[in-house]
Amino acid sequence: MNAFQPSRPPLQPVEQRQTVPRPKRHLRQRAYQVMALETTAKVIVNIVISAASVSALVQLLPYHWSQQDKLREVRTEVKVMEGRVQKLRTEFSRNFDPGEAKSIMQQKSYRFDPSQRPVILMNQDQTITEQSDSAP
């Protein structure tokens with residue numbers, strides 16, 4: 001039966017591997033230091049970007065305020081001009097209205113329609129006083 005059994009090497013005592021203590025703590029600590037350094041770098045970069053943003057805003061605010069003042073002035077002028085334009089449009093439409101033509105001609109030239117008679121009002125008291133003042 002020995003011939004049919006596979007040959008086995010003779011049993012030798014199994015050498016136990018010597019476990020070398022790995023520096024896991026050191027690797028973890030190193031990883032934490034790297035993460036802390038990375039986080040610190042991110043915070044510093046964000047602070048620098050924030051400072052630049054605040055600086056830019058501080059420089060732009062006076063310009064913004066002056067532009068707002070100019071815009072208010074322009075809006076005021078536009079309102080005044082809109083009133084003037086409305087008045088001129090009304091006058092323009094009145095000037096080209098055929099029904100108003102005679103009254104406009106009378107206003108502009110002080111001429112009267114031949115069918116109308118001019119009425120001149122005189123104060124009688126003034127003429128008497130003027131005559132008495134001029135005759136001493």
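A residue counts as exposed when its relative accessible area is over 50%. The legends below refer to a predicted model.

**Figure 1. Overview of the protein chain, a predicted model with three helices and zero strands.** Along the sequence, the elements follow the pattern α-α-α. The chain has 136 residues, of which 1% count as buried. Its accessible surface comes to about 14400 Å². Carbon and sulfur atoms account for 60% of that surface.

**Figure 2. Close-up of the aromatic pair formed by Phe92 and Phe96.** The structure holds one such pair. A pair of aromatic rings is described by the distance of the centres and the angle of the planes. For Phe92 and Phe96 the centres are 4.7 Å apart and the planes are at 50°. The pair is classed as tilted because planes under 30 degrees apart count as stacked and those over 60 as edge-to-face. Both Phe92 and Phe96 are exposed.

**Figure 3. Close-up of the salt bridge between Lys42 and Glu38.** The structure holds three salt bridges, and the one shown here joins Lys42 to Glu38. Side chains of opposite charge can pair when their charged atoms come close. In this bridge the closest N and O atoms are 3.5 Å apart. Lys42 and Glu38 are four residues apart in helix 1 (residues 24–95), so about one helical turn separates them. Glu38 has a relative accessible area of 41% and is therefore partly exposed.

**Figure 4. Close-up of the salt bridge between Arg72 and Asp69.** The closest N and O atoms of Arg72 and Asp69 are 2.6 Å apart. Helix 1 contains both residues, with a spacing of three residues, about one turn of the helix. With a relative accessible area of 40%, Asp69 is partly exposed.

**Figure 5. Close-up of the salt bridge between Glu100 and Arg94.** The side chains of Glu100 and Arg94 meet at 3.6 Å, N to O. Glu100 has a relative accessibility of 28%, so Glu100 counts as partly exposed. Arg94 is at 31% relative accessibility and likewise counts as partly exposed. Both values fall between the cut-offs of under 20% for buried and over 50% for exposed.

Terms used: Residues are numbered from 1 along each chain as its sequence is written. This is a predicted model: local features need pLDDT of at least 70, side-chain atom pairs count only at pLDDT 80 or more; totals for chains, interfaces and linings use all residues. Side-chain values use heavy atoms; hydrogens and water are left out. Helices (H or I, at least four residues) and strands (E, at least two) are DSSP runs, numbered from the N terminus. Buried means under 20% relative accessible area, exposed over 50%, partly exposed in between (1.4 Å probe, protein chains only). Accessible areas come from the Shrake-Rupley method with a 1.4 Å probe; for residues, only the protein chains shown count as cover. Rings of Phe, Tyr and Trp (its six-membered ring) pair if their centres lie within 6.5 Å; planes under 30 degrees apart count as stacked, over 60 as edge-to-face and the rest as tilted. A salt bridge is a side-chain nitrogen of Lys or Arg within 4 Å of a carboxyl oxygen of Asp or Glu.
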